[in-house]
Amino acid sequence: MALRWYSVVVDSHDIAAQARWWAQTLDYVIVFENDEEVAVIPRHMSQDPITDPHEWGRQAQGLVFVRVPEEKSVKNRLHIDLAPHSSQDRDAEIRALLDRGATLADVGQGDAPWTVLRDPEGNEFCVLSSRER
């Protein structure tokens, strides 16, 4: 059996604000919060213990925001790709992210068919083209 990709950890200054921003962006919920860490998971994901290892392995990934003192200084080596469904208005989704504090980013992508943004603390992420899979 393979290991489960459990979460992505995001270094942050304001972990509560970052967690809430990403939870709203992804329709996730906060499942743990203290002064040093906030964890969010998909709204549809079980918060109950899962004893069946196969069911446990099929659970989605969460995000964990941890407090760090240093500033972000270079482009992320790992980033999140978001994609709207083909029934969604991609441009409207990007405008909504910008209205909520994201900013456009140029990381050398040129005329790529995706849009690179930064979250409120400067972490890059992409909004891909609309898709059905």
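**Exercise 1. A residue in a loop**

Is aspartate 27 buried, partly exposed or exposed? Work it out, and then describe the backbone of aspartate 27.

*Solution.* Keep in mind that this is a predicted model.

Step 1: Find the place. Aspartate 27 lies in the loop between α1 and β2, a strand that covers residues 28-33.

Step 2: Apply the cut-offs. Buried means under 20% relative accessible area and exposed means over 50%, with partly exposed in between. Aspartate 27 has a relative accessibility of 44%, so it counts as partly exposed.

Step 3: Look at the backbone. Most residues other than glycine have a negative phi. Aspartate 27 has a positive phi, near 60°, and it is not a glycine.

**Exercise 2. The whole chain**

List the elements of the chain in order, and then describe its extent and its surface.

*Solution.* Step 1: Count the elements. The chain has three helices and eight strands.

Step 2: Put them in order. Starting at the N terminus, the pattern is β-α-β-β-α-β-β-α-β-β-β.

Step 3: Give the extent. Along the principal axes, the C-alpha atoms fill a box of roughly 45 × 40 × 25 Å.

Step 4: Turn to burial and surface. The chain has 133 residues, and 34% of them count as buried. The exposed area is about 8800 Å², of which carbon and sulfur atoms supply 51%.

Step 5: Check how far contacts reach along the sequence. Take the contacts between residues at least 6 apart in sequence: 59% of these join residues at least 24 apart.

**Exercise 3. A sheet and its helices**

In what order do the four strands of the open sheet lie? Find its edges, and then place two helices against the strands.

*Solution.* Step 1: Write down the order. The strands run β5-β8-β7-β6, and their pairing is mixed.

Step 2: Find the edges. β5 (80-82) and β6 (103-104) are the edge strands, since each pairs on one side only.

Step 3: Zoom in on one pairing. β5 and β8 pair in the parallel sense, over three bridges. Leucine 82 has valine 127, in β8, as its bridge partner.

Step 4: Add helix α1. This helix, residues 15-26, packs on the sheet and touches β5 and β8. The direction of α1 makes about 35° with that of β5.

Step 5: Add helix α3. Residues 90-99 form this helix, which lies across β6, β7 and β8 and runs at about 15° to β7.

**Exercise 4. Rings that meet**

Which residues do ring pairs link into a cluster with Trp21? Describe each pair.

*Solution.* Step 1: Choose what to report. A pair of aromatic rings is described by the distance of the centres and the angle of the planes.

Step 2: Take the pair within α1. Tryptophan 21 and tryptophan 22 are 5.1 Å apart, centre to centre, with 80° between the planes, and the pair is edge-to-face.

Step 3: Take the next pair. The ring centres of tryptophan 22 and phenylalanine 125 are 5.0 Å apart and the planes are at 70°, so this pair is edge-to-face too. It links distant parts of the chain, with tryptophan 22 in helix α1 and phenylalanine 125 in strand β8, 103 residues apart.

Step 4: Join the pairs. The cluster is made of Trp21, Trp22 and Phe125.

Step 5: Check burial. The relative accessible area is 7% for tryptophan 21, 3% for tryptophan 22 and 0% for phenylalanine 125. Tryptophan 21 is buried, tryptophan 22 is buried and phenylalanine 125 is buried.

Step 6: Look for charges over rings. The charged end of arginine 100 sits over the ring of tryptophan 21, 4.8 Å from the centre. Elsewhere, arginine 4 lies over the face of tryptophan 56, at 4.8 Å from the ring centre.

**Exercise 5. The loop before β8**

Where is asparagine 123 found? Describe its surroundings, and those of glycine 122.

*Solution.* Step 1: Locate both residues. Asparagine 123 is in the loop between β7 (115-118) and β8 (124-127). Glycine 122 lies in the loop between β7 and β8 as well.

Step 2: Judge burial. With a relative accessible area of 14%, asparagine 123 is buried. Glycine 122 is buried at 16%.

Step 3: List contacts. Beyond its neighbours within four places in sequence, asparagine 123 touches several residues, among them Val10, Asp11, Gln18 and Lys72.

Step 4: Take one distance. The C-alpha atoms of glycine 122 and threonine 103 are 8.2 Å apart, while the two residues are 19 residues apart along the chain.

Conventions: Residues numbered from 1 in each chain as written. Predicted model: local features only at pLDDT ≥ 70, side-chain atom pairs only at ≥ 80, totals over all residues. Heavy atoms only, no water. Helix = DSSP H or I, 4+ residues; strand = E, 2+ residues; numbered from the N terminus. Buried < 20%, exposed > 50% of the residue type's maximum accessible area, 1.4 Å probe, protein only. Contact = heavy atoms within 4.5 Å. Pairing = 2+ DSSP bridges. Axes fitted to C-alpha atoms, helices over the stretch in contact; angles between N-to-C directions. Phe/Tyr/Trp six-rings, centres within 6.5 Å; stacked < 30°, edge-to-face > 60°. Lys NZ or Arg CZ within 6 Å of the ring centre and 35° of its normal. Areas by Shrake-Rupley, 256 points an atom, 1.4 Å probe, with all protein chains shown as cover.
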